[in-house]
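Q: I'd like a close look at the empty space in this protein, pockets and cavities alike. Could you walk me through it, and add whatever helps me judge the surroundings?

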Amino acid sequence: MVREADIGALSRKMGPYKVAVVCSYTISLVNFRFRLLQAMVRNGHEVVAFGPEYHQPTVDALADIGVAFVRIPMARAGLNPIQDLWTLAALWSAFRKFEPDVVLSYTMKPIIYGLAAARLSGVRQRHALITGLGYIFGDNANNPRLSLIRRMVTWMYRIALHGGGRVFVYNEADASDVRSGRMVSDFARIVPVPGSGIDFDRFTAFDVPAGDPVFLMVTRLIREKGVFEFIEAARSLRLLYPRARFHILGPIDPSPLAVSRDELDRWAAKGVIDYLGETLDVRPYLSASTVFVLPSYYREGIPRSIMEAMATGRAIITTDTPGCRDTVIEGENGFIVPPRDPVGLAAAMKRFIDDPALAERMGQRSLEIARTRFDARAVNQLLLREMMLLKTTDA
């Protein structure tokens, strides 16, 4: 069994560059960053990943490609000053021992505290990957509490992003907020990236299954992902089309915005939806679906779940919100509906029920778009090149 890396031993090794990658959810290192980490190693760098949970399958998978793992304390949700200072101190101590040449942090807390710790410990190359600014930067103008938190987080980003390094963003809305919030003074540091990319060796296309339509939503179960809108649309369509199925797959979230398991069980008991639980492998569920649905009004980057569905050859229904709308060409590979609009969502679903051939046709177009825009190999080469870590194009 592979054990957690000893940071003192790591500090005695030296590759061309020592790279630290900091995340807020350990499993994401394999689910979202595996090929990027592998590309770093293939380019000759020594890579250590930092995450808050010790998850043995993830640690083993990382070890197989030569990436060490170090656990650091971090609360994924909430703003607790004592917990967050503990995170900052732990990262500072780890960086002082490991002495990385490059730090790449993704998602809010790793960016704020990881890059601040890197700066305090003297790391000169500090890069941020903003995968989506989240609900704090959503439509909350009428919520004084969230507006206050947004101003505070903007100030914290400003401190963390001070200095050099790239600020990678997935969509123009996030880039605009980085500029308008003066999170960086040099806008040339902002680099657009087409999402995390899809590994087409892992995600392959499947024919749309014959039979009754299955609408699949894969998401963290928080309200802003559009769970209630999906439920309302399913409820109305089940009255007219009782053989249509509406599936929800995803983990219960620790966020205060989470949808509870009791709520899901009640909807399932009434026959409105089927809750499939959570999984580490969405591919069987995607291949068994007809259309992929994400009615999110959360502040997305570019939703990984949509890209995976596109790579599987599925038509998409999503909302006219940052990140989501970047995945659909209206009428070609799916439909874009207004956020918070279960009636519009149901109308889009109904088009696939009334025209069974539509899902196959639009699914093929999704696959074409995914291969053109979201190939992980091209995305990773862009990231490595901008961080000056690219030594071979075999990434």
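A: Here's a walk through the second largest pocket, then the enclosed space, then a couple of individual residues.

Keep in mind that this is a predicted model. The average pLDDT over the protein is 91, and 93% of the residues reach at least 70. A weak stretch does turn up at residues 10–14, where pLDDT stays under 50. The model still gives that stretch 14 contacts beyond four places in sequence, so to speak on paper.

Now for the second largest pocket, which comes out at about 350 Å³. Its lining takes in 22 residues, and the ones nearest the centre are Val30, Asn31, Phe32, Phe34 and Arg202. Looking at which elements supply two or more lining residues, you get α2 (28–31), α3 (34–42), α4 (56–64) and α15 (376–386). If you're thinking about the chemistry of that wall, the lining splits into 11 nonpolar, 6 polar and 5 charged residues.

Asp199 is worth a glance too. You'll find Asp199 in the loop that runs between β7 (190–192) and β8 (214–218). With a relative accessible area of 12%, Asp199 is buried, because the cut-off for that label is under 20%. Leaving aside residues up to four places away in sequence, Asp199 touches Arg35 and Ala376.

On to the enclosed space. Searching the whole structure for cavities of 30 Å³ or more turns up 1. The largest cavity holds about 30 Å³ of space. Around the largest cavity sit Glu229, Pro295, Thr319, Val337, Pro338, Arg340, Asp341 and Leu345. By type, that lining comes to 4 nonpolar, 1 polar and 3 charged residues.

Finally, here's a residue to set beside Asp199. Arg179 belongs to helix α8 (residues 172–180). Its relative accessibility is 28%, so Arg179 counts as partly exposed. Setting aside residues up to four places off in sequence, Arg179 touches Glu172, Phe187 and Ile190. With Glu172 there's also a polar contact, side chain to side chain, at 2.3 Å. For a sense of scale, Arg179 and Leu249 are 70 residues apart in sequence, and their C-alpha atoms are 35 Å apart in space.

Conventions. Residues are numbered from 1 along each chain as its sequence is written. This is a predicted model: local features need pLDDT of at least 70, side-chain atom pairs count only at pLDDT 80 or more; totals for chains, interfaces and linings use all residues. Side-chain values use heavy atoms; hydrogens and water are left out. pLDDT is the predictor's confidence in each residue, from 0 to 100. Contact means heavy atoms within 4.5 Å. On a 1 Å grid over the protein atoms alone, a cavity is a set of points where a 1.4 Å probe fits but cannot get out, and a pocket is an open set with protein on both sides within 12 Å along at least five of seven lines; lining residues have an atom within 4 Å of a point. Grid points are joined across faces, edges and corners, and a volume is the space filled by probe spheres set on the points. Ala, Val, Leu, Ile, Met, Phe, Trp, Tyr, Cys and Pro count as nonpolar, Asp, Glu, Lys and Arg as charged, and the others, Gly among them, as polar. Helices (H or I, at least four residues) and strands (E, at least two) are DSSP runs, numbered from the N terminus. Buried means under 20% relative accessible area, exposed over 50%, partly exposed in between (1.4 Å probe, protein chains only). A polar contact is a pair of N or O atoms within 3.5 Å; within protein, one must be able to donate a hydrogen and the other to accept it, and residues adjacent in sequence count only if both atoms are side-chain atoms.
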